[in-house]
Amino acid sequence: MKAFESKDYKAFSMFEDRWALVTAGTPEDFNTCTVSWGSMGNVWGPNGGDMSTVTVYIHPARYTQEFMAKYDTFTVSFFPESYRKALGYLGSHSGRDEDKVANSGLTPVAAGDGVTFKEADLTFVCKKLYEHQFDEAHLADSVKEYYAANPSMYTQVGKDRWEPHYMYIGEVVEAIEG
């Protein structure tokens, strides 16, 4: 058992209560976005066992989704409450338009093959196992209604209607507590 697997991470409330940054890329080429949707669990282990995973959901309108598709490593970083304003900034500005990380005041640092932030108090370094965009035909009516009720959030520039999120499942290869 890896050391991080025996910790109590409050899997059902971490994303909702604390938010997180999902960062994909390398120290030379990365982007990050704030997320409040995610989960932790296990799946697909070798020799009949399980592997620890983090699942995150990224909308295709987010610049970070391009980096998630391009790279095999991503990080999910959690921060003390005192950084809520920086996470809010990163969630409301695009790396397409500015150096939002520099403008947020956070300090990017290498984490395995990926990137996290010096200010994070917990980072999961993940190796991408699965990527798929949700299929609208298989979404519950209440979920379709949610997307339709928020068209400005879930419609990409140049598209005429909303699109559902991508799901990324990553194997946790390291947990960094800082």
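Two exercises on a predicted model follow, one on its cysteines and one on its largest pocket.

**Exercise 1**

Determine how many disulfides the structure holds, and explain the result for Cys 33 and Cys 126.

Solution.
1. The criterion is a pair of cysteine sulfur atoms within 2.5 Å.
2. For Cys 33, the closest cysteine sulfur belongs to Cys 126, at 14 Å, which is too far for a bond.
3. Cys 126 is likewise in no disulfide, as its nearest cysteine sulfur is that of Cys 33, 14 Å away.
4. Searching the whole structure gives zero disulfides.

Next, decide whether Cys 33 is buried or exposed, and do the same for Cys 126.

Solution.
1. Buried requires a relative accessible area under 20%.
2. Cys 33 has 1% relative accessibility, so this residue counts as buried.
3. Cys 126 also comes out as buried, because its relative accessible area is 1%.

**Exercise 2**

Describe the largest pocket: its volume, its lining residues, and the elements that supply them.

Solution.
1. Volume: the largest pocket contains about 690 Å³ of space.
2. Residues: 30 line the pocket, and those nearest its centre are His 59, Arg 62, Gly 91, Met 153 and Tyr 154.
3. Elements: at least two lining residues come from each of strands E2 (29-35) and E4 (50-58) and helices H2 (63-70), H3 (84-92) and H6 (151-154).
4. Largest share: strand E2 contributes the most to this lining, with five residues.
5. Classes: the lining divides into 15 polar, twelve nonpolar and three charged residues. Gly counts as polar in this scheme.

Terms used. Residues numbered from 1 in each chain as written. Predicted model: local features only at pLDDT ≥ 70, side-chain atom pairs only at ≥ 80, totals over all residues. Heavy atoms only, no water. Buried < 20%, exposed > 50% of the residue type's maximum accessible area, 1.4 Å probe, protein only. 1 Å grid on protein atoms, 1.4 Å probe; cavity = no way out; pocket = protein on both sides within 12 Å on 5 of 7 lines; lining within 4 Å. Points joined across faces, edges and corners; volume = space filled by probe spheres on them. Helix = DSSP H or I, 4+ residues; strand = E, 2+ residues; numbered from the N terminus.
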